[in-house]
Amino acid sequence: MMYILEKKRLNQILSDWAQNYEVYVPQKVENYAQFLPYHPSSIINLSDPHKTRYPPKALFLPQSEVMLKYDSRLGRFEDVNSHQSPRIIFGMRPCDAKALTLLDTVFDTEEYSDPYWKARRESTVIIGLGCVEPPQTCFCTTVDGGPFNHEGLDAILTEFDEQYFIEVLTEKGEIIFNQLQLATNQQEEQIRHLQTEAYKEMEPAFETSGLKAKLDKIFESRYWEEIAESCLGCGICTFLCPTCFCFDIVDEVQRNERVRNWDTCMFRIYSLEASGHNPRPTRKERTRQRLMHKYSYWLEHINQIGCTGCGRCVRYCPVGLDIRAMLRTASIYESEVVHAG
Amino acid sequence: MQDNGHNPYSPMPMRIVRAYYESNDYSLKTLELVFDNQKDRETFFEKFNPGQFCQLSIFGKGEAPFGVASAAWEGDFVRFTIQKMGSFTQYAHKLKAGDPIGMRGPLGNGFPLMDWKGKTLVIIGGGCAFSTLYALTKHVHHPQNRQDFDQLVVIYGARTSGLCMYKHDIQSWYQRDDMELHQAIDVPEDDWSHHVGYVPDVVREVAPSPQNAVAVVCGPPIMTKFTLPVLVDLGFAPETIFTSLEKRMKCGIGKCGRCNIGSKYICKDGPVFSLAELNALPADI
């Protein structure tokens with residue numbers, strides 16, 4: 001069953017929702033798209049196939065977030081409320097939504113649930129936008145996702161001509177799309193065809209079977225030095241990654257606030273210890289950590305690859321490093337003979 | 001003061017009840033903390049196990065992880081011995097009785113005491129890393145716990161006698177008939193009647209028997225590195241050798257990402273690991 005939303009009615013439906021929800025929608029900012037709160041004057045940018053520059057993880061794990069306010073003299077503090085009012089995120093790409101389901105396994109565990117993450121997840125309805133024309137940097141189908149993957153979404157849209165075709169996936173999604181026209185069988189068939197074509201367009205970017213075992217095997221090889229050679233250590237691959245979640249906790253002494261900020265394993269100080277020892281002293285170890293985390297450690301934790309193939313790290317790397325090429329190299333890398341002679 | 005609810009990032013309000021130097025060079029200071037809230041005290045001691053650590057929290061300075069150096073039966077306080085290293089610990093050294101401080105914990109797995117029941121414990125420590133082993137020894141000393149274990153052997157080394165921690169208490173251990181104590185310093189000193197030498201050599205000299213025994217090693221990385229092979233030589237199996245690891249940490253609950261070795265987080269899956277477990281992990285230490 002699919003609903004039809006005329007494109008010209010988009011503003012109407014968004015402003016209707018905005019009566020009861022905070023509504024986030026990709027908007028044009030300078031030369032890129034970013035999720036921002038909807039306003040009738042917003043310049044909506046749903047057509048950028050490259051997704052928003054910042055992944056929508058930022059709406060759940062903000063780049064910088066106050067956790068508590070303190071009085072250092074008295075040693076007293078107050079938690080900052082983790083309450084989140086109901087909101088709708090409209091137009092999230094399937095790779096980014098899948099990333100949220102992966103991050104749930106980090107932030108919402110039985111032992112320690114992160115109240116900030118949880119409050120935002122529970123009060124958010126996510127409407128996805130499938131990718132009819134996936135760009136060259138995307139490789140979601142290689143990593144068990146797809147341009148119309150449903151994981152993490154409450155509904156998914158397929159753009160066709162002057163309409164969006166909507167598949168409702170959860171009860172949360174049902175509530176907000178209740179008064180729309182139904183698509184005919186013929187239209188549905190047409191949309192399914194469009195979706196299948198999008199899957200077909202995406203060639204496998206690298207071989208994933210046996211990849212973890214291979215990476216584990218070459219952990220101590222020169223492979224890492226070779227692939228990290230041109231890396232600048234800027235960390236953009238991790239900051240813009242929808243599944244990277246590392247954070248730092250620091251006290252902002254001028255504001256009297258304890259803040260958590262996005263952090264990155266690509267920085268030297270990330271793992272530097274008080275003694276001066278650093279388990280990851282060079283970019284070689286740090287690049288290794290980034291790739292091993294996504295393509296080995298995630299598999300050990302939940303048997304899923306910790307990458308959703310969004311391609312941001314490929315698109316935004318200032319020296320053109322491409323994780324797909326790195327992994328292809330790994331697959332065929334022949335470890336040097338350690339005890340030669 | 002408000003209820004911390006279920007926010008695992010929210011520290012418990014604590015107060016320093018005793019603060020004193022442990023070493024004659026003023027590099028080691030012990031802080032004993034009591035709970036402002038009764039409920040926090042109860043939850044803490046319900047969960048606490050020697051070998052665990054806490055995040056101490058000084059507002060304006062941040063947080064840093066420290067191993068707990070006291071056993072639950074010692075009283076309603078939690079003890080930490082802190083080496084002066086960076087800005088947090090410099091400030092921690094200025095704290096005095098009555099000062100407020102925050103604490104999150106207990107964190108981590110602690111020593112697997114249930115698995116060690118009925119066994120001989122060989123406890124080997126060097127430097128200020130002995131603090132969690134002191135907690136372990138104190139735990140075992142309680143009559144109710146002592147019967148759970150066979151023999152107790154403690155080997156504790158420090159660079160100089162001035163750096164030996166918990167002096168008065170440890171001195172009294174020589175009078176106990178339920179344990180064997182070997183203290184060592186690196187270089188000879190007048191009035192020192194115990195071992196002289198590095199911990200690995202002392203372990204080789206003392207040669208504890210691996211029969212029905214587990215060995216626990218905590219110390220600076222260089223000491224641990226050279227002690228583990230000695231234990232293997234003495235016949236300890238990798239499954240019976242344990243150590244406690246440290247890494248830079250922030251959250252302490254397996255979320256902030258930085259303290260992993262392979263797929264294991266030191267804060268959540270450790271800090272205590274057996275040598276067998278460590279051997280299975282990549283060399284990322």
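# Notebook: a predicted two-chain model

**Sheet of chain B.** I began with strand 1 (residues 12–21) and strand 2 of chain B, which run antiparallel and are joined by seven bridges. I looked for a pair across them and found Ala19(B) standing opposite Leu31(B) of strand 2. Next I checked what lies on the sheet here: helix 1 (residues 38–47) of chain B packs on it, touching strand 1, strand 2 and strand 6 of chain B. The direction of helix 1 makes about 120 degrees with that of strand 2 of chain B. A reminder to myself: this is a predicted model.

Then I traced the whole sheet. Six strands of chain B form an open sheet in the order 4-3-6-1-2-5, with antiparallel pairing. Strand 4 and strand 5 (77–83) of chain B are the edge strands, and each pairs on one side only. I noted an average twist of 40 degrees from one strand to the next.

**Confidence.** I looked up the scores before going further. The model has ipTM 0.90 and pTM 0.93. Chain B averages a pLDDT of 94, and 98% of its residues score at least 70. Among the elements of chain B, strand 2 (residues 28–35) has the highest mean pLDDT, 98. Helix 7 (residues 221–234) of chain B has the lowest, 94.

**Where the chains meet.** I turned to the contacts between the chains: 32 residues of chain B are in contact with 36 residues of chain A. On the side of chain B that touches chain A, strand 4 (62–67) and strand 6 (100–107) of chain B each supply at least two residues. I sorted that side by class and got 13 nonpolar, 11 polar and eight charged residues. Strand 4 of chain B thus turns up twice in my notes, as an edge strand of the sheet and as a supplier of residues to this side.

**Sheet of chain A.** Over in chain A, I found four strands in an open sheet, ordered 5-4-12-11 and paired antiparallel. Strand 5 (76–79) and strand 11 (247–252) of chain A stand at the edges with a single partner strand each, so one side of each has no neighbour in the sheet. The twist averages 25 degrees from one strand to the next.

I followed both edges inward. Strand 11 of chain A pairs with strand 12 (residues 257–262) of chain A over six bridges, in the antiparallel sense. Phe247(A) has Trp262(A) of strand 12 as its bridge partner. At the other edge, strand 4 (residues 64–71) and strand 5 of chain A pair antiparallel over four bridges, and Asp71(A) has Arg76(A) of strand 5 as its bridge partner. The hairpin of these two strands has four residues between them, and there Gly75(A) takes a positive phi near 70 degrees.

Which side chains of strand 5 of chain A are buried? Phe77(A) and Asp79(A) point to one face and are buried. Arg76(A) and Glu78(A) point to the other face and are not buried.

**Helix 3 of chain A.** For helix 3 (residues 115–122) of chain A, I listed the buried residues: Pro115(A), Tyr116(A), Trp117(A) and Arg120(A). The buried residues of this helix pack against strand 4, helix 2 and strand 7 (124–129) of chain A.

**Core.** The largest nonpolar core has 157 residues. Those touching the most other members are Val23(A), Ile89(A), Leu56(B), Ile124(B), Ala215(B) and Val216(B). Helix 2 (residues 94–107) of chain A gives the most to this core, with eight residues. I picked out Ala215(B) and, leaving aside neighbours within four places in sequence, found contacts including Val122(B), Ile124(B), Leu231(B) and Phe236(B).

**Two loop residues.** I ended with a pair of loop positions. Met165(B) lies in the loop between strand 8 (152–158) and helix 5 (167–173) of chain B. Is Met165(B) buried or exposed? Met165(B) counts as buried because it has 20 C-beta neighbours inside 10 Å. Its contacts beyond four places in sequence include Glu22(B), Leu28(B), Thr81(B) and Cys128(B).

Ser230(A) lies in the loop between helix 7 (223–228) and helix 8 (236–239) of chain A. Ser230(A) counts as exposed, because it has 12 C-beta neighbours inside 10 Å. Not counting residues up to four places away in sequence, Ser230(A) touches Val319(A) and Leu321(A). Ser230(A) and Leu321(A) are 91 residues apart along the chain, with their C-alpha atoms separated by 7.8 Å.

Key: Residues are numbered from 1 along each chain as its sequence is written. Chains are lettered from A and ligands numbered from 1 in the order in which they are written. This is a predicted model: local features need pLDDT of at least 70, side-chain atom pairs count only at pLDDT 80 or more; totals for chains, interfaces and linings use all residues. Two strands pair if DSSP finds at least two bridges between them. Axes are lines fitted to C-alpha atoms, for helices over the stretch in contact, and angles run from 0 to 180 degrees between N-to-C directions. A nonpolar core is a set of buried Ala, Val, Leu, Ile, Met, Phe, Trp, Tyr and Cys residues joined through C-beta atoms within 7 Å. Two residues are in contact if their C-beta atoms, placed from the backbone, lie within 7 Å. Ala, Val, Leu, Ile, Met, Phe, Trp, Tyr, Cys and Pro count as nonpolar, Asp, Glu, Lys and Arg as charged, and the others, Gly among them, as polar. pLDDT is the predictor's confidence in each residue, from 0 to 100.
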